[in-house]
Amino acid sequence: MSGKSALRLLRHSKGVSAGCPSFTQTRSLTPGSLNAWGTFEKNTRKELPPTCYGGQHIVTAIPGDGIGPEMLEHVKTIFQAAYVPLVFEEVHIGHTTDKKDLENAITSIQRNRIGFKGNLETHKYEEGYFSKNHYIREKLDLFASVSRCHSIPGVNTRHTDVDIVVIRENTEGEYSMLEHQNVPGVVESLKVITREKSMRIGKFAFDYAKSHGRHKVTCIHKANIMKLADGLFLESCREVSKAYPEIEFDSMIVDNCAMQLVSRPDQFDVMLTPNLYGNVIVAMLCGLTGGPGLTPSYNLGHHYKLFETASRNAGKSLAKRNIANPVAYIRSAADMIRHLGLTSHANVINSAVFRVLANTNVRTADIGGSSTTQEVVNAVINEVQIGFNQIKAAIG
């Protein structure tokens, strides 16, 4: 089947564009909401259309460190097999404290308005080094991190009914990189919480719950100890909740939350968290649902969206060994093209991944198998081709 034939097939199967959308087809960046920008006023701002030339979407790709570069190559191979009309603009970021590479990456995302990223390792013991992951999120104001962690058929875990969305404030809190040493042996690390950003992430969480058929939002905090900082976050989220009477609002202290997650995760629906707690909770949920190699994530702001894996670990020890689980990267890439309006392509790829996990023994060692990374990718490509054949048969 040629690439053009596949694109026509996808158009006919779902009635959606398989190339570049027109400007009128672009959607509001915040799902299901026109008022998630930090105020209760009606919002009329729309996302700018993604960059697209000659029917090809242009997406910034930051390969990152560890397994990131090889996973990007696997994604490219799967996209080619699925006839995805997309070209990556790759931007490599080095390991120095020079910000030139970072600024190039940020400029590229600003131009293309969407990015796909591997994790960037932070060299914590090098003087002057900083988190480049956080720097990108801060500069682009990617204020919301969204990770849906759920049980997957074919992946054996203690709990089989987990389906939780973690929405994490991404731009302040403990990860603000505001640290200094007053005198030798005494370090202050500042945790900054503002009402404006707490209201903004709170409104995003409730809008997300409303538009995705979720019924409960639980705010995670430590306001019993950090009465001012976490107290402000909690009260801001509680204030926002009053505008959404159809959605249940609850709150839970973070240490109790950890215990409840491992014992009764089914009680959670949408979890709304400050920066640090969200990072820890997502890591726990990845463990509960099969490990870090399965779950995708994305970060968004007013104008830009950046897709990556939920567990922000570079996987340095797994690099170039052909043993890393590629599923999280593949699913993140599928979520990205869904955002671009390539819904049929995304469905074909996601269905292929889930069929491999549910119906075959092809899986990497982290989820109980013995397959290599390449064998998993080959199995997904085979299922993608089967998916195209099924669509072709269905439409005659």
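How many nonpolar, polar and charged residues does the lining of the second largest cavity have? Start there; the model on screen is a predicted one.

**Stop 1: the second largest cavity**

Select S145, S147, R168, N279, V282, S297, A310 and R312, the residues that line the second largest cavity. By class, this lining has four polar, two charged and two nonpolar residues. The volume enclosed is about 40 Å³.

Next, show the cartoon for residues 144-150 and 275-288. These are β5 and α8, and each of the two supplies at least two residues of the lining of the second largest cavity.

**Stop 2: the largest cavity**

Move on to the largest cavity, with a volume of about 50 Å³. To display its lining, select N325, V327, V353, V356, L357, V362, R363, T364, I367, V376 and V380. Coloured by class, the lining of the largest cavity splits into eight nonpolar residues, two polar and one charged.

Which helices should be shown as cartoon here, each supplying at least two residues of the lining of the largest cavity? Select 343-359 for α10 and 373-394 for α11. The largest share of this lining comes from α10, with three residues.

**Stop 3: the full count**

Zoom out to the whole model. How many cavities of 30 Å³ or more are there? The count comes to three. Two of them have been visited: the largest, at about 50 Å³, and the second largest, at about 40 Å³.

To finish, display both linings together. The largest cavity has eight nonpolar residues in its lining, whereas the second largest has two.

How values were computed. Residues are numbered from 1 along each chain as its sequence is written. This is a predicted model: local features need pLDDT of at least 70, side-chain atom pairs count only at pLDDT 80 or more; totals for chains, interfaces and linings use all residues. Side-chain values use heavy atoms; hydrogens and water are left out. On a 1 Å grid over the protein atoms alone, a cavity is a set of points where a 1.4 Å probe fits but cannot get out, and a pocket is an open set with protein on both sides within 12 Å along at least five of seven lines; lining residues have an atom within 4 Å of a point. Grid points are joined across faces, edges and corners, and a volume is the space filled by probe spheres set on the points. Helices (H or I, at least four residues) and strands (E, at least two) are DSSP runs, numbered from the N terminus. Ala, Val, Leu, Ile, Met, Phe, Trp, Tyr, Cys and Pro count as nonpolar, Asp, Glu, Lys and Arg as charged, and the others, Gly among them, as polar.
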